Structures are given as structure tokens and as C-alpha cells.
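Me: I would like a close look at one loop residue and then at its surroundings. Please keep the answer connected and brisk.

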Amino acid sequence: MLGKLKYIILTVIVSVSFVTLLNNLPVNAMVGQWAPTSINKIANYNNHTCSIADNNVFCWGRNNFGQLGIGTTDTNNHMLPEKVVGTAFSGKTITRISVGGTGFACAIANGWPYCWGRNTYGQLGTANTTS
């Protein structure tokens, strides 16, 4: 009886561990219409993610402070990567990407920082607090 009980307990532990593993496995973020040929960098913090792909910046997740760089703010969760809008990166080589926990993101292009999103505390480096 004790041998059978050990087997049942071990089976339950292995089964629960396997289910937990399935929920924590990496997933392919390249879905929908976003299919870059190469991803160079990726950054994530709390509720939004940004990446450099094919010398463009793409972001996804929450956009309540404009941290996705898509020209708007909203309370939707953007489930697919969206290209950061504007001409700031035109003709430049994007080398680094970073995201902040207070709803902003920055990229380095040709050695210069470009930031967007929440600016309540001046974190965008624009000498003001306008987001």
C-alpha cells in the first residue's frame, strides 16, 4: 500500500509540475502581420515590451502613457507588436532599446537617445514634463 501511495503522490507532483512548465514555456511573439527578418534587441518591463527588428522599433502591451510610440494613448492592451511611428529613426541605425516601469521607452539611434511615453517626472529628458 505504501509503494502505491508513493507512486500516486509522485504522479500528481510530476503532473502538476508538467502543467506549470507548459504555462511558463517561451512563446513565439512573431504572429499576425509582424514578421521581421531579424530581431537585434528586446526590452520588457512590467506591462510593455519593445524590440529592434529590421532597424525599426516595435512595441506591444499597455499604452496608457503612449509608451508604445504609436501616436496615441489608450487603455487597451495591444497584443501584437506595432511599429513606432514618426520619422525620428529615418536613415539612422538603431542600436539599443530600453523600457521604463513608469510607462516610457527609449532607443539609441546613431548614438543619440530618442524617448517617448510618460514624462511626469522629466524621464524623457526634454527639459519639461510634457508627455
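What is the relative accessible area of asparagine 110, and is the residue buried or partly exposed?

Reply: Asparagine 110 has a relative accessible area of 44%, so the residue is partly exposed. That follows from the cut-offs: buried means under 20%, exposed means over 50%, and partly exposed is what lies in between. Keep in mind that this is a predicted model.

Start with the place. Asparagine 110 lies in the loop between E6 and E7. Its backbone stands out on one count: phi is near 50°, a positive value in a residue other than glycine.

Now the two strands that the loop joins. Strand E6 covers residues 104–109 and pairs with E7 in the antiparallel sense, over six bridges. One facing pair in this ladder is alanine 107, opposite tyrosine 114 in E7. Both strands belong to an open sheet of three strands, in the order E5-E6-E7, with antiparallel pairing. Strand E5 (94–100) and strand E7 (112–117) stand at the edges of this sheet. Each has a single partner strand, so one side of each is left without a neighbour in the sheet. Neighbouring strands here are turned by 20° against each other on average, direction ignored.

A second loop asparagine invites a side-by-side reading. Asparagine 46 sits in the loop between E1 and strand E2 (48–53). Its phi is also positive, near 55°, again in a residue other than glycine. The setting is the hairpin of E1 and E2, with two residues between the strands. Asparagine 46 has 64% relative accessibility, so it counts as exposed. Asparagine 110, at 44%, is partly exposed.

The strands around asparagine 46 pair in the antiparallel sense as well, with six bridges between E1 and E2. Alanine 43 stands opposite cysteine 50 in E2. These strands are part of an open sheet of four strands, ordered E1-E2-E3-E4, with antiparallel pairing. Here the edges are strand E1 (39–45) and strand E4 (77–83), each with a single partner, so one side of each lacks a neighbour in the sheet. The twist in this sheet averages 10° from one strand to the next.

Stay in that sheet for a moment. Strand E3 (residues 56–62) meets E4 in the antiparallel sense over four bridges. Phenylalanine 58 stands opposite lysine 83 in E4. Tryptophan 60 also has its place in strand E3. Its relative accessible area is 13%, so it is buried. The C-alpha atoms of tryptophan 60 and isoleucine 70 are separated by 9.8 Å, with the two residues ten apart along the chain.

Next comes the nonpolar interior. The largest nonpolar core has 16 residues. Its members that touch the most others are Val57, Cys59, Phe89, Ile94, Ile97, Ala107 and Trp116. E2, E3, E5 and E6 are the elements that give two or more residues to this core. Alanine 107, the residue opposite tyrosine 114, is therefore a link from the loop's own strand pair to this core. Valine 57 is worth a look. Leaving out residues up to four places away in sequence, valine 57 touches Ser51, Glu82, Lys83, Val84, Phe89, Ile94, Ile97, Ala107 and Trp116.

Past the hairpin there is a third asparagine. Asparagine 119 lies in the segment after E7. Its relative accessible area is 0%, so it is buried. A polar atom of its side chain lies 3.1 Å from the backbone nitrogen of glutamine 123. Beyond neighbours within four places in sequence, asparagine 119 is in contact with Leu124, Gly125, Thr126, Asn128, Thr129, Thr130 and Ser131.

Finally, the frame around all this. The protein has one helix and seven strands. Along the sequence the pattern reads α-β-β-β-β-β-β-β. Of the 131 residues, 31% are buried. Among contacts with a separation of 6 or more, 32% join residues 24 or more positions apart. The accessible surface comes to about 8600 Å², and carbon and sulfur atoms hold 59% of it.

Back to the residue you asked about. Asparagine 110 is partly exposed, takes a positive phi near 50°, and lies in the loop between E6 and E7.

Methods:
Residues are numbered from 1 along each chain as its sequence is written. This is a predicted model: local features need pLDDT of at least 70, side-chain atom pairs count only at pLDDT 80 or more; totals for chains, interfaces and linings use all residues. Side-chain values use heavy atoms; hydrogens and water are left out. Buried means under 20% relative accessible area, exposed over 50%, partly exposed in between (1.4 Å probe, protein chains only). Contact means heavy atoms within 4.5 Å. Accessible areas come from the Shrake-Rupley method with a 1.4 Å probe; for residues, only the protein chains shown count as cover. Two strands pair if DSSP finds at least two bridges between them. Axes are lines fitted to C-alpha atoms, for helices over the stretch in contact, and angles run from 0 to 180 degrees between N-to-C directions. A polar contact is a pair of N or O atoms within 3.5 Å; within protein, one must be able to donate a hydrogen and the other to accept it, and residues adjacent in sequence count only if both atoms are side-chain atoms. A nonpolar core is a set of buried Ala, Val, Leu, Ile, Met, Phe, Trp, Tyr and Cys residues joined through side-chain atoms within 4.5 Å.
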